[in-house]
Amino acid sequence: DAVPFGYVMIYPFDRDGLRIVNIVRLMVDAQYQGRGLGRALLNETLAWTGRLSPVPDAVRISTLPENEVALGLYLSMGFEIRGTEDGEVALYRRPPRLD
């Protein structure tokens, strides 16, 4: 209904010769949570990364270890835990190829 419910903030960077898109924030307003909007927002963000040229080597997202809801969402969408970075669980995946 054209009502803002959240946002995504990204930051592309290069590390060790790899182009990575970091999803710095993915936020959904508390009153809109539990409706699948976070998943939809993440799906759109991933699709967007797949349309970049050149396509990045990886997409990164992180969350606090105790945020089980976020961890469950990210894992269900193909992200893999790669350790802890700056006190947060760091997850990575390849962007979709949308040729």
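Glu85 comes out as partly exposed in this predicted model, at 21% relative accessibility. That puts Glu85 just past the line, because a residue has to be under 20% to count as buried. The partner of Glu85 is Arg60, and the two form a salt bridge whose closest N and O atoms sit 2.9 Å apart. Arg60 belongs to strand S3 and Glu85 to strand S4 (residues 80-85), so this pair links parts of the chain that are 25 residues apart in sequence. Arg60 itself is buried, with a relative accessible area of 8%. Why would such side chains team up at all? Side chains of opposite charge can pair when their charged atoms come close.

The salt bridge count comes to 2. The other pair is Asp14 with Arg19, and here the closest N and O atoms are 3.4 Å apart. Asp14 is exposed, with a relative accessible area of 56%, while Arg19 is partly exposed at 36%.

Now for the pocket. The largest pocket holds about 740 Å³ of space. Its lining is made up of 28 residues, and Leu26, Thr63, Asn67, Ala70 and Tyr74 are the ones that lie nearest the centre. Which helices and strands each supply at least two residues of this lining? They are strand S2 (18-28), helix H1 (37-50), strand S3 (58-63) and helix H2 (68-76). S2 gives the largest share, with 7 residues. Sorted by class, the lining is a mix of 13 nonpolar, 8 polar and 7 charged residues.

Moving to the surface, Tyr7, Met9 and Met27 make up a nonpolar patch, and together they have about 290 Å² of accessible area. Tyr7 is part of strand S1 (residues 6-15). With a relative accessible area of 43%, Tyr7 is partly exposed, so it clears the cut-off of over 30% that patch residues need.

A few backbone details stand out next. Most residues other than glycine have a negative phi, and most peptide bonds are trans. Asp16 goes the other way, with a positive phi of about 55° even though it is not a glycine. Asp16 sits in the loop between S1 and S2 and is exposed, with a relative accessible area of 75%. Asp86 is another such case, with a positive phi near 55°. The loop between S4 and S5 is where Asp86 is found, and Asp86 is exposed as well, at 83% relative accessible area. As for peptide bonds, the one from Ser53 to Pro54 is cis, with omega near 0°. Pro54 is located in the loop between H1 and S3.

Finally, how do distances along the chain translate into distances in space? Take Arg97 and Arg51: they are 46 residues apart in sequence, yet their C-alpha atoms are 7.7 Å apart. Arg97 lies in the segment after strand S5 (88-93) and is exposed, with a relative accessible area of 53%. Leu37 and Phe79 offer another example, being 42 residues apart along the chain with 18 Å between their C-alpha atoms. Leu37 is found in helix H1 and is partly exposed, with a relative accessible area of 22%.

Conventions. Residues are numbered from 1 along each chain as its sequence is written. This is a predicted model: local features need pLDDT of at least 70, side-chain atom pairs count only at pLDDT 80 or more; totals for chains, interfaces and linings use all residues. Side-chain values use heavy atoms; hydrogens and water are left out. On a 1 Å grid over the protein atoms alone, a cavity is a set of points where a 1.4 Å probe fits but cannot get out, and a pocket is an open set with protein on both sides within 12 Å along at least five of seven lines; lining residues have an atom within 4 Å of a point. Grid points are joined across faces, edges and corners, and a volume is the space filled by probe spheres set on the points. Helices (H or I, at least four residues) and strands (E, at least two) are DSSP runs, numbered from the N terminus. Ala, Val, Leu, Ile, Met, Phe, Trp, Tyr, Cys and Pro count as nonpolar, Asp, Glu, Lys and Arg as charged, and the others, Gly among them, as polar. Patches are made of residues with over 30% relative accessible area and no salt bridge: like charges are joined within 9 Å, nonpolar side chains (Val, Leu, Ile, Met, Phe, Trp, Tyr) within 5 Å. Accessible areas come from the Shrake-Rupley method with a 1.4 Å probe; for residues, only the protein chains shown count as cover. A salt bridge is a side-chain nitrogen of Lys or Arg within 4 Å of a carboxyl oxygen of Asp or Glu. Buried means under 20% relative accessible area, exposed over 50%, partly exposed in between (1.4 Å probe, protein chains only).
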